[in-house]
Amino acid sequence: MSISRKELVNYLDQRLTPERFRDYAPNGLQVEGCEQVSRIVTGVTASQALIDAAVAWDADAILVHHGYFWKGENPCITGMKQRRIKTLLQHDINLLGYHLPLDAHPDIGNNAVLAKLLGITVTGGLEEGNPLSIGLTGRFDVPMSLQELGDRVSQVLKRPPMLIAGGEHRITTIGLCTGGAQGYIEKAIDLGLDAYLSGEISEPTVHSARENGVHYIAAGHHATERFGAKALGEELAQTFGIEQMFVDIDNPV
């Protein structure tokens, strides 16, 4: 079974509605390859290692959360960028990237899937009044300690998170936003949540958590954003009968 490149892009654009977001990179088809797609590799970042894995599997397309052509970066096709794009073009592989749309999707988004895996019942958006809120708020049916939540995160993500205690309280309400969204802890503070979970951590995050009484869980940028592209690849396989493979290129950040 195969699907045309045009049909694939149309399906993804309709599913993820990228035109609704003000993003930091173009969403959709970033590098054009062959016209028919029967095998697609999904992953977090379009690194050389992921591209090489796609070449080895004879894939026709790669679908990622972190693609290319970010705002503010050097636009010249040199060095690492040249090598990556050259490999894609040499092997006629399509590259599709969806950033914020794949974070925010209510069903297959990074945040929605992670919340489900952690047993969080979603109650709304972290950005009040924003229908396109990237982060989510939620609650646990049974309150737990910070360490108990850390153990659950470790089990789900297969890596231990960094835990910053914001007091002795147990956790019922929580905010989460995958990736590099540690600054959104301020939104969790404003909402009076018990805890906030993101991917990365910065020096000021520790003080914000401690001084405002909000537990913070830094679970890893890569680790928290493995779910959207994987879920979308599985959906494409089920919908169109094409082959898909999620490739997890380890990243400790």
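Here is a friendly exchange between two colleagues about this predicted model.

Colleague: Happy to look at this one with you! In which order do the strands of the open five-stranded sheet lie?

Modeller: Let's begin with the pairing, since strands of a sheet pair through backbone hydrogen bonds, either parallel or antiparallel. Here the pairing is mixed, and the sheet is an open one of five strands. Reading across, the order is β2-β6-β5-β4-β13.

Colleague: And which strands stand at the edges?

Modeller: An edge strand has a single partner, so one side of it is left without a neighbour in the sheet. From one strand to the next, the twist averages 30 degrees. The two strands at the edges are β2 (28-31) and β13.

Colleague: Nice. Which residue in β6 stands opposite Gly28?

Modeller: β2 and strand β6 (residues 94-97) run antiparallel, and three bridges join them. The residue in β6 that stands opposite Gly28 is Gly97.

Colleague: Something helical leans on that sheet. What angle does the direction of α10 make with that of β4?

Modeller: α10 packs on the sheet and touches three of its strands, namely β4, β5 (61-66) and β13. An angle over 145 degrees counts as roughly antiparallel. For α10 and β4 the angle is about 170 degrees.

Colleague: Now the helix pair: how are α1 and α10 oriented to each other?

Modeller: The axes of helix α1 (residues 5-16) and α10 come within 12 Å and cross at roughly 125 degrees. Roughly perpendicular covers 65 to 115 degrees, and roughly antiparallel begins over 145. The crossing of α1 past α10 is right-handed. With that angle, α1 and α10 are therefore oblique.

Colleague: Which residues of α10 make that contact?

Modeller: From α1 the contributors are Glu7, Leu8, Tyr11, Leu12, Arg15 and Leu16. On the α10 side, they are Leu232, Glu235, Leu236, Thr239 and Phe240.

Colleague: Let's turn to charges. Which residue forms a salt bridge with Glu243, and where does that partner sit?

Modeller: A search of the whole structure gives seven salt bridges. In the one with Glu243, the closest N and O atoms are 3.3 Å apart. The pair links distant parts of the chain, 204 residues apart, with Glu243 in strand β13 (residues 243-246). The partner, in strand β4, is Arg39.

Colleague: Are Glu243 and Arg39 buried, partly exposed or exposed?

Modeller: Buried would need a value under 20%, and exposed a value over 50%. Glu243 has a relative accessible area of 42%, and Arg39 has 23%. Glu243 is therefore partly exposed, and Arg39 is likewise partly exposed.

Colleague: What about Lys81: buried or exposed?

Modeller: Lys81 forms a salt bridge with Glu73, with the closest N and O atoms 2.9 Å apart. Glu73 counts as partly exposed at 31% relative accessibility. Lys81 has a relative accessible area of 14%, so Lys81 is buried.

Colleague: By about how many helical turns are Glu234 and Lys230 separated?

Modeller: These two form a salt bridge whose closest N and O atoms are 2.7 Å apart. Glu234 is partly exposed at 36%, and Lys230 is partly exposed at 33%. Because they are four residues apart in helix α10 (residues 227-240), the separation is about one helical turn.

Colleague: Back to the sheet. What is the relative accessibility of Thr42?

Modeller: Thr42 lies in strand β4. Its contacts beyond four places in sequence include Leu50, Leu63, Ala229, Lys230, Gly233 and Phe246. Thr42 counts as buried, because its relative accessibility is 0%.

Colleague: Two serines in loops caught my eye. Which residues does Ser47 contact, leaving aside neighbours within four places in sequence?

Modeller: Ser47 is found in the loop between β4 (39-45) and α2 (48-56). With a relative accessible area of 15%, Ser47 is buried. Its contacts beyond those neighbours are Arg84 and Ile249.

Colleague: And how far is the C-alpha atom of Ser133 from that of Cys177?

Modeller: Ser133 is in the loop between β7 (121-125) and β8 (136-144), and is buried at 8% relative accessible area. Not counting residues up to four places away in sequence, Ser133 touches Ala104, Gly125, Leu126 and Glu127. Ser133 and Cys177 are 44 residues apart along the chain, and their C-alpha atoms are separated by 9.7 Å.

Definitions and conventions: Residues are numbered from 1 along each chain as its sequence is written. This is a predicted model: local features need pLDDT of at least 70, side-chain atom pairs count only at pLDDT 80 or more; totals for chains, interfaces and linings use all residues. Side-chain values use heavy atoms; hydrogens and water are left out. Buried means under 20% relative accessible area, exposed over 50%, partly exposed in between (1.4 Å probe, protein chains only). Contact means heavy atoms within 4.5 Å. A salt bridge is a side-chain nitrogen of Lys or Arg within 4 Å of a carboxyl oxygen of Asp or Glu. Two strands pair if DSSP finds at least two bridges between them. Axes are lines fitted to C-alpha atoms, for helices over the stretch in contact, and angles run from 0 to 180 degrees between N-to-C directions. Angles under 35 degrees count as roughly parallel, over 145 as roughly antiparallel, 65 to 115 as roughly perpendicular and the rest as oblique. A crossing is left-handed if the near helix is turned anticlockwise from the far one by less than a right angle, and right-handed if clockwise.
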